[in-house]
2 protein chains.
Amino acid sequence: MILDKVNSPEDLKKLSVEEMNTLADEMRELIIKKVNTTGGHMGPNLGIIEATVAMHYVFNSPVDKIVFDVSHQCYPHKILTGRKEGFTDPDKYHKYTGYTAPEESEHDIFKVGHTSTSVSLAAGLAKARDLKGEKSNVIALIGDGSLSGGEAFEGLDNAADLNSNIIVVVNDNDMSIAENHGGLYRNLKELRETKGKAECNFFKSLGFDYLYVDEGNNIEKLIEAFQKVKDTNHPVVVHLHTIKGHGLAAAEDNKEAFHWILPGTLDEKPSVPSVQTEDYNSVTNEFIMRKAKENPSLVVVNPATPGVHGFTPDFREKMGKQYTDVGIAEEHAVAYCSALAKAGAKPVLAIMTSFVQRTYDQLSQDLCLNNSPVTMLVYWGGLSSGDATHLGSFDIPLISNIPNIVYLAPTNKEEYLAMLEYSYSQNEHPVAIRVPNVPLVSTGVEDKTDYSILNKFKVEEKGSKVAILGLGNFFSLAKEVKQEIKQKLNIDATLINPRFMTGVDEELLENLKKDHDIVITLEDGVIDGGFGEKITRFYGNSNMKVLNFGGKKEFTDRVPIDELYRRYHLTKELITDDVKNCL
Amino acid sequence: MILDKVNSPEDLKKLSVEEMNTLADEMRELIIKKVNTTGGHMGPNLGIIEATVAMHYVFNSPVDKIVFDVSHQCYPHKILTGRKEGFTDPDKYHKYTGYTAPEESEHDIFKVGHTSTSVSLAAGLAKARDLKGEKSNVIALIGDGSLSGGEAFEGLDNAADLNSNIIVVVNDNDMSIAENHGGLYRNLKELRETKGKAECNFFKSLGFDYLYVDEGNNIEKLIEAFQKVKDTNHPVVVHLHTIKGHGLAAAEDNKEAFHWILPGTLDEKPSVPSVQTEDYNSVTNEFIMRKAKENPSLVVVNPATPGVHGFTPDFREKMGKQYTDVGIAEEHAVAYCSALAKAGAKPVLAIMTSFVQRTYDQLSQDLCLNNSPVTMLVYWGGLSSGDATHLGSFDIPLISNIPNIVYLAPTNKEEYLAMLEYSYSQNEHPVAIRVPNVPLVSTGVEDKTDYSILNKFKVEEKGSKVAILGLGNFFSLAKEVKQEIKQKLNIDATLINPRFMTGVDEELLENLKKDHDIVITLEDGVIDGGFGEKITRFYGNSNMKVLNFGGKKEFTDRVPIDELYRRYHLTKELITDDVKNCL
């Protein structure tokens, strides 16, 4: 294998183009095998192998600095920068993260997992270089999908003003996670079709010099292009036309499905339609379809993550004009929904917890200050064993401390449906619902709660001495804790399902004072600024003891969930011990 | 006066162009007089009078909908839509807000005060219109300065895809609050210089049809242009070349100074240099200048609000390459600073509380996850009598619940300088400092605290029974409360200056348990998710009573500060009463 000789970018520079082509094939095979084993980003990595080889051949990392946008296309880079064992040795498949990670290598500058940040980051590196009088190339590698994010535009607009070396490599495979959306993509298409010659050019309009590479998977052509721009003294865009999933037929043919795959995807036999299991996505999407038929002004808005929500191509087609993928543009999505609601339409915004973070100001100003009745569905909220870049544990502090919005935490299917119905039919407030991130629970009994009576907690089982507030995902843990407390402490605890995260049920909390000494709160997210602290504050001037359970304010990185639960005392045994110590 | 006949846009439609010109002159005079009396946005409003008259002449508001970006240019619109008394009658100068306000008029669709949102909002209105099968024109009016904000780009990119009526009127006066920054502005310049004929056109690259109006302050030409695009069936940009401050020589000549003016600015005699009073801005800027001379890699980064920070044209010139105005691009500003710090430069980011809201995800992902040693100075934090769109009371929950960052609240000049020095010289964490939003206090004694020992609160006066934690701006209130408690309750309370907002001093809080029964926290911001709740949580399992004082989670709109203080029990008397009731 050629790869045996390559342990760093330096080794690459000794290879011929022919050898590099062979190397690219070897890398492709390794990536396919590894990703098919562990799951991960397939299409983005296969499309960028040649460009990565060419970049490391031409530039001198880490003196020259390459910033990977969103960095889910960094596997070839990792292979070439001393981490190939993560791809050659199945025992080490999990050793390296799926994103750039400075703790792994000096060739990774930033920990990155959200899109559209690379140009801003590269601009900062370039400015620092200039201030310090150093010499180097600074390269941002950004996909066409990421260009729709506002931060990318802000970065480009500013980078163009640097009057110094900065190279923005646009990896244009004509895809986001799903298809692209936005006027910009017509210009990219025109540029591809004219081989970069179209007069009207988005990048030039921002002041960039511009170079087009039609064969973005051809190492020789790529080397030629990168050599042209190396050591440039001004901002330049190198626009690569690449093929997402390059070299793997299944991935080239099914670009959306192969953006990120589950383990074993390539091994599966032609699938016979399996029995559809009901889950919170299917419940959501059935609700949406039903309402959409009744009301032509219902519209689902999603910022480029249809797969997360089960918005399959079939679902999207059926929804037609009532489905809007705004591209990676979360800020726009929130403002857009606010206006839709103000004009009497019925927007349903589906968004991941990790990406709702991009919209604080829009939630505050565009949505909540205007009190627009938008339904916002927040997915994947909760502590997780995920990558530090995609944690879903900060949404409660983020959302629930903004005025006017109602943030709900259902604990079963029937509650969730009732909350959806409430949100959909009211015109008073923005309503966000944290879609349960646990297997579906059904009580079989319709929930007839009137959720327009805000901040009304539900007493599920009345007891005394200890009250357990089990929020959303953690309601089942609360039930376990109740049993454990009964068993170990012989106390019949009161079990409460708060349902509302944006306020407290003062009457209920007041009543608890009569025959309870301890209240415990359980929330599936960081405690700081979250739900439990509101309860604690309520009892601040009383004799009630309050224990808040949830995550610590920290970025965790691929820590097994059981370990996190132990660390945060989120097991029935540890909680019961803490209660015992407090009695 | 022509204006006597105009009470709504309908009345306008009966006028001749000549009469409208006279009307514009009358409006100009009223705006100059009113703004010079009350203070407010002068330049933006003077530049847009003619376009507003022409828009209301051609379009049929409120059926046709006009969305004002940032809306600090809505005074002419207010005059024409039934609110002229707010400009003709000095007694009613304060009756209407300086921003669009749906509660005032059906011609105002949104409450808006942050930039770059208008196109997204207009796109939502247009989409709702189409879903409901209605007919109308939807117009976004956006200034060139606002175009640098990422949300504006996201909006444009999506609006271009609507395949339906949406008209984006670009009010290009070649200025932001200060001068513009970004590559985009070279394209706007080229478009102005070629009368809109340049082939490379930012708006066209996004898929918009495009119309250029060179005389953007000529009502006749404007009417002609708007008539051309009225009832268009596709997205179109109307690019107006206007003059900021049009018709007021002082404003035309001093565009930055007259963007927003203090009352009486026009009345003042040619100023003799007054004695410079020391304030937190001057202290900051002296510190910066001193460090910048020592270290060429110190760089001040500011998103387009130099006036807020006292970054005068003179200061900016002296700083040279060590000052970067990134334009209205807060997201970029944070990521850019993170990269500057990673590359060993010394970025100092100056940003207003209200606008730091636009950067939650960048603070989390680009800055804190990467633990980059940026110094972020947060201005104008605290409860205020300001407009609902510019409140500074949400920053503590926003910033202090993100991991890794250190958020500091100085209470006097010496502390502030020591914190600046600490932040500047360390390389461990992002550090944010809430620049005091109160008159400067100086102890005259150098603060030698080692702030690298995190979360160490300072006991200013040791007492017993009651401990008062007075954070930042509210430290002086805490001192008053201590006196009041002594006087009314004969208790020598302990007075504590927490200084850190991102964590608690567990040792100190633990010690207080020995001889204290009540802890009270005072913070100048909303309580929800803020500093006080962290203290309350700490004491949750103890007998300590804790009372949290601060703002309620609500949007307040120009409520006098004294009224807010009474509402929230933020006076020494009310706090002492609450303490008494708790004893």
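How many bridges join strand E4 (residues 166-172) of chain B and strand E6 (residues 235-241) of chain B, and is their pairing parallel or antiparallel? I looked this up first: E4 and E6 of chain B pair in the parallel sense, over seven bridges.

**Ground rules**

I note that this is a predicted model, where local features need pLDDT of at least 70, side-chain atom pairs count only at pLDDT 80 or more, and totals for chains, interfaces and linings use all residues. Residues are numbered from 1 along each chain as its sequence is written, while chains are lettered from A and ligands numbered from 1 in the order in which they are written.

**The parallel sheet of chain B**

I took helices (H or I, at least four residues) and strands (E, at least two) as DSSP runs, numbered from the N terminus. Two strands pair if DSSP finds at least two bridges between them. With that, I found E4 and E6 again in an open sheet of five strands, ordered E2-E3-E4-E6-E5 in chain B with parallel pairing. Its edge strands are E2 (65-68) and E5 (209-213) of chain B, each pairing on one side only. Neighbouring strands of this sheet are turned by 20 degrees against each other on average, direction ignored (axes are lines fitted to C-alpha atoms, and angles run from 0 to 180 degrees between N-to-C directions). Looking across from E4, I see B:Val168 opposite B:Val237 in E6(B).

**One residue of E4**

I then picked B:Ile167, which lies in strand E4 of chain B. A residue is buried if 20 or more other C-beta atoms, placed from the backbone, lie within 10 Å of its own, exposed if 12 or fewer, and partly exposed in between. B:Ile167 has 29 C-beta neighbours inside 10 Å, so it counts as buried. I call two residues in contact if their C-beta atoms, placed from the backbone, lie within 7 Å. Leaving aside neighbours within four places in sequence, the contacts of B:Ile167 include B:Asn137, B:Ile139, B:Thr232 and B:Val236.

**Strand E16 of chain B**

Next came E16 (residues 494-497) of chain B, which is covered on both faces. B:Thr494 and B:Ile496 are buried on one side, B:Leu495 and B:Asn497 on the other. Strand E14 (residues 458-461) of chain B pairs with E16(B) in the antiparallel sense over three bridges. Strand E15 (residues 465-470) of chain B pairs with E16(B) in the parallel sense, over three bridges. B:Leu495 has B:Glu461 opposite, and B:Ile468 also stands opposite B:Leu495.

**Two covered helices**

For helix H4 (residues 49-58) of chain B, I get 10 of 10 residues buried, among them B:Glu50 and B:His56. Helix H23 (residues 531-538) of chain B has seven of its eight residues buried, so it is largely enclosed by the rest of the structure. Among the buried residues of H23(B) are B:Glu533, B:Lys534 and B:Arg537.

**The two chains together**

What rotation superposes chain B on chain A? I find 180 degrees with 0.0 Å of shift along the axis, at RMSD 0.0 Å (a least-squares fit on the C-alpha atoms of residues with pLDDT of at least 70 in both copies). That is the relation of a two-fold axis. The same surface serves both copies, as 100% of the contact residues of chain B recur in chain A. I also noted that 91 residues of chain B are in contact with 91 residues of chain A.
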